[in-house]
Amino acid sequence: MVADFHLHTSASDGDLDPGALVREAASRGVRELAITDHDTLAGYRWREGAVFDEARRLGVLLTVGIEMDVALGGREVHLLGLGLDLDAPALGSHLAVVRAARHERARAELALVRERLGEGALAEEEVFAPGRDSVMRPHFIRPLVARGHFATYQQGREWFHANAGGSVVVPKPGMAEAVGMVHEAGGEAVLAHTGYYWTDGFPILEELASLRALGLDGVELDYPYASSSPELFPDGDAERFVASLRAAGRALSLRFTRGSDAHSPADLDRVYGTPP
């Protein structure tokens, strides 16, 4: 059975609403999945929980999940929480604080964009779109590129970080605190796309034992590094890293998960092929 425990919807930075995401994944053979939007569980509350009805209709096993921004060793890493209680109090309180900070930051950044690129450069509704719970930097950069302010996403990203980064700090829990929230919510804590920390020079393989001692339950082993980021994983580097991660994870009895990190139908096509 094909399982995918790392998918995004329009509740954060994905293109599809939750129901459409489940349909698109199912059409490509996925039979078990988790929506793991950034710092929000809003996808599961979409249209009063309609995503669960859609999953049942399609014969898809839907696991409640999330992708949390976490501080580790002076950097941001991403932690997947899988199998969560939607009403867990500690996690819910944290997400409410993060949501408020993201919205406050976005309002400040929107003012800076308009000040520097013109009042009509970006509309408020493009950033604060209906159904969008977690407001993120791509929600600025994508429409600015589409409007022709920048030739590429990378160019827009560089300009944004240099010119429109707000002073509002979005809180990130430490690993121990984040794992504790996931466990309190009845879930398992899984470190996402570990290969990216490795390519960034962070000794993630050596740190796994310490993270296990903090309560980490698993690592995302099967991830499309080579197709998502060929410039970072050339000449079989992805396969070599995954083999090392598998050996390290087995030695620590960590759970292994699979995730596409898909944000769009094109991402699903890249991982699974086009639907029949």
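**View 1. Strand β1, helix α1 and strand β2 make a right-handed β-α-β unit.** This is a predicted model, and the close-up starts with residues 2-7 for β1, residues 18-27 for α1 and residues 30-35 for β2. The two strands of the unit, β1 and β2, pair in the parallel sense, with 4 bridges between them. To find your place in that pairing, look for Asp4, which stands opposite Leu33 in β2. As for cover, β2 is mostly tucked away, with 5 of its 6 residues buried.

**View 2. Strand β2 also pairs with β3, again in the parallel sense.** Here 4 bridges link β2 to β3, the strand of residues 61-72. Ala34 stands opposite Thr63 in this pairing. Thr63 itself is found in β3 and counts as buried, at 16% relative accessibility; the cut-off for buried is under 20%. What does Thr63 touch, leaving out residues up to four places away in sequence? Its contacts are Phe5, Glu32, Leu33, Ala34, Ile35, Tyr44, Leu82 and Gly83.

**View 3. Strands β3 and β4 form a hairpin with 2 residues between them.** In the turn, Gly73 has a positive phi of about 55 degrees. The two strands run antiparallel and are joined by 8 bridges, and one spot to zoom in on is Ile66, opposite Gly81 in β4. Strand β4 covers residues 75-82, and 6 of those 8 residues are buried, so the strand is largely enclosed by the rest of the structure. Next comes β5, residues 188-191, which runs antiparallel to β4 and is joined to it by 4 bridges. Gly81 turns up again in this pairing, standing opposite Ala189 in β5.

**View 4. Helix α3 has buried residues on one face.** The helix spans residues 50-58, and its buried residues are Val51, Glu54 and Ala55. Why do they line one face? Seen down the axis of α3, they fall within an arc of 100 degrees, so one face is what they line. The cover over these buried residues includes α1, β2, α2 (42-45) and β3. On the other side of α3, Arg56 and Arg57 are exposed. Just after the helix, Gly59 takes a positive phi of about 70 degrees.

**View 5. Tyr44 and Phe52 make a tilted ring pair.** The count of aromatic pairs in the model comes to 11. For Tyr44 and Phe52, the ring centres are 5.8 Å apart and the planes sit at 35 degrees, so the pair is tilted; the tilted class takes whatever is neither under 30 degrees nor over 60. How exposed are the two partners? Tyr44 is buried, with a relative accessible area of 1%, while Phe52 is partly exposed at 21%.

**View 6. Tyr225 and Phe233 make another tilted pair.** Their ring centres lie 4.7 Å apart with the planes at 35 degrees, so tilted is the label here too. Tyr225 is buried at 1% relative accessible area, and Phe233 counts as buried at 4%. Zoom out a little and ring pairs link Tyr196, Trp198, Tyr223, Tyr225, Phe233 and Phe241 into a cluster.

**View 7. Arg255 lies over the face of Phe5.** The distance to look for is 5.4 Å, taken from the ring centre of Phe5. Phe5 has already come up in View 2, as one of the residues that Thr63 touches.

Terms used. Residues numbered from 1 in each chain as written. Predicted model: local features only at pLDDT ≥ 70, side-chain atom pairs only at ≥ 80, totals over all residues. Heavy atoms only, no water. Buried < 20%, exposed > 50% of the residue type's maximum accessible area, 1.4 Å probe, protein only. Pairing = 2+ DSSP bridges. Right-handed = clockwise from strand over helix to strand, strands pointing away. Phe/Tyr/Trp six-rings, centres within 6.5 Å; stacked < 30°, edge-to-face > 60°. Lys NZ or Arg CZ within 6 Å of the ring centre and 35° of its normal. Contact = heavy atoms within 4.5 Å. Arc of directions from axis to C-beta.
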